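Please load the model into your viewer and keep the sequence panel open beside it. The tour below proposes one selection after another and says what each of them shows.

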Amino acid sequence: MRKQELKNIAWAAAVAAVITIGSPAIAHDRPGFRDTPMLPDSQWRVHDPDRPYPEVVTPGPVPGAAPSDAVVLFDGQSLDAWQPQGGAWMVEDGAMTVPPRAPGGGESSLVSNESFGDVQLHLEFRSPNPPQSSSQDRGNSGIIFMQRYEIQILDAYENDTYADGTVGSIYGWKPPLVNPSRAPGEWQSYDIIFERPRFGPEGELLRPAFVTAFLNGVLIQNRQAWPGVTVWRQIGTYEAHEDAAPIQLQDHDSPVSFRNIWVRRLPEAAASHDFEGEVK
Ligand code: MG
């Protein structure tokens, strides 16, 4: 038998073995090493070829666009992903805007139909131009995760206000690391990673909520913990709640506009940062 024929037979046998045994045989063809040390407290070796590959996600066609696994909450046209809590928001030129408040009227916040726990959120907002009023009455809105934890939206361009209430603050707790605000009338981008709090079976707090946030591409909160729910003029505390809840956009009586809003639900592994808690 010629060498090539032998090779062909060996190849056919290998294919049969793959079909019989299944994926473990395929794994032998994956790049990696089997003579490397085991990673601490792990079932995987260094450069283990059997370690599952990351899921493929197709990024958006341009920076800031929704990737393939995102839940789009506003695409510039439809408010279908939201429940208005008062008056209807206005949609015009690819943006949605907080409606004017009727004299004596209440808030018209938007609440997402879907509930979320750990998420990556992208959102773009625009403060009213020309600016109206000052301090907390100038371009105030907010992203309220789980309808409890607010990251502030404010026109903070040359606008003095208390530091823990400026744009990018964990409202009433942590000012942003810096203030990278654009001028009113310009679109600004928020990219936020929110980690929900964890509660034990008795409702005890196991881990607080955390936030990492970029405003206009600049880091403003780096996995900063929340002391509790957001409360004006008070220190909020934790009370056990569900693992998922809607995202709310605040109406603070300022005609703030929004566009290009999407979120990605994050797996448990994304919120496990401590070495001890690393997902194996
Ligand atoms: Mg606010």
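## Starting at Pro246

Begin by selecting Pro246, which, leaving aside its neighbours within four places in sequence, is in contact with Val111, Ser112, Ser115 and Gln147; two residues are in contact here if their C-beta atoms, placed from the backbone, lie within 7 Å. Before going further, note that this is a predicted model, in which local features need pLDDT of at least 70 and side-chain atom pairs count only at pLDDT 80 or more, while totals for chains, interfaces and linings use all residues. Residues are numbered from 1 along each chain as its sequence is written.

Pro246 sits in the loop between strand E13 (218-225) and strand E14 (248-249), where helices (H or I, at least four residues) and strands (E, at least two) are DSSP runs numbered from the N terminus. If you add Gly117 to the selection, the C-alpha to C-alpha distance from Pro246 is 8.6 Å, although 129 residues separate the two in sequence. Is Pro246 buried, exposed or partly exposed? Pro246 counts as partly exposed because it has 17 C-beta neighbours inside 10 Å; a residue is buried if 20 or more other C-beta atoms lie within 10 Å of its own, exposed if 12 or fewer, and partly exposed in between, with C-beta atoms placed from the backbone.

## The sheet that contains E14

Now step from the loop into E14 and display the open sheet to which it belongs, made of five strands in the order E2-E5-E14-E7-E8 with antiparallel pairing; two strands pair if DSSP finds at least two bridges between them. At the edges of this sheet are strand E2 (82-84) and strand E8 (149-153), each of which pairs on one side only.

Select strand E7 (residues 141-145) next, which is joined to E14 by two bridges and runs antiparallel to it. Within this pairing, Ile143 has Leu249 as its bridge partner, and Ile144 has Gln248. Towards E8, E7 is joined by five bridges, again antiparallel, and Phe145 stands opposite Tyr149 there. E7 and E8 form a hairpin with three residues between them, and in its turn Met146 has a positive phi of about 55°.

Colouring E7 by burial is worthwhile, since five of its five residues are buried. Both faces are covered, with Ser141, Ile143 and Phe145 on one side and Gly142 and Ile144 on the other.

## The nonpolar core

Which residues touch the most other members of the largest nonpolar core? Among its 42 residues these are Ile143 and Ile192, a nonpolar core being a set of buried Ala, Val, Leu, Ile, Met, Phe, Trp, Tyr and Cys residues joined through C-beta atoms within 7 Å. Several strands each supply at least two residues of this core, including strand E6 (119-126), strand E9 (187-195) and strand E15 (257-265). Centring on Ile143 and not counting residues up to four places away in sequence, you will find that it touches Leu123, Glu150, Ile151, Ile153, Ile192, Ile247 and Leu249.

Move on to Phe194, which is found in strand E9 and counts as buried because it has 25 C-beta neighbours inside 10 Å. Apart from its neighbours within four places in sequence, Phe194 is in contact with Asp118, Val119, Leu121, Phe145 and Val211.

## From E9 to E13

Extend the selection to strand E12 (210-215), which is joined to E9 by six bridges and runs antiparallel to it; here Tyr190 stands opposite Leu215. On to E13, the pairing with E12 is likewise antiparallel and covers five bridges, with Ala213 opposite Gln221. The hairpin of E12 and E13 has two residues between the strands, and Asn216 takes a positive phi near 55° in it.

## Backbone details to check

Most residues other than glycine have a negative phi, and most peptide bonds are trans. Against that background, select Asn129 and Pro130, which are joined by a cis peptide bond with omega of about 5°; Pro130 lies in the loop between E6 and E7.

Finally, go to the loop between helix H2 (23-27) and E1, where Asp41 is placed. Asp41 has a positive phi of about 50° although it is not a glycine, and it counts as exposed, with 9 C-beta neighbours inside 10 Å. His47 lies in the loop between H2 and E1 and has a positive phi of about 60°, but with 13 other C-beta atoms within 10 Å it is partly exposed.
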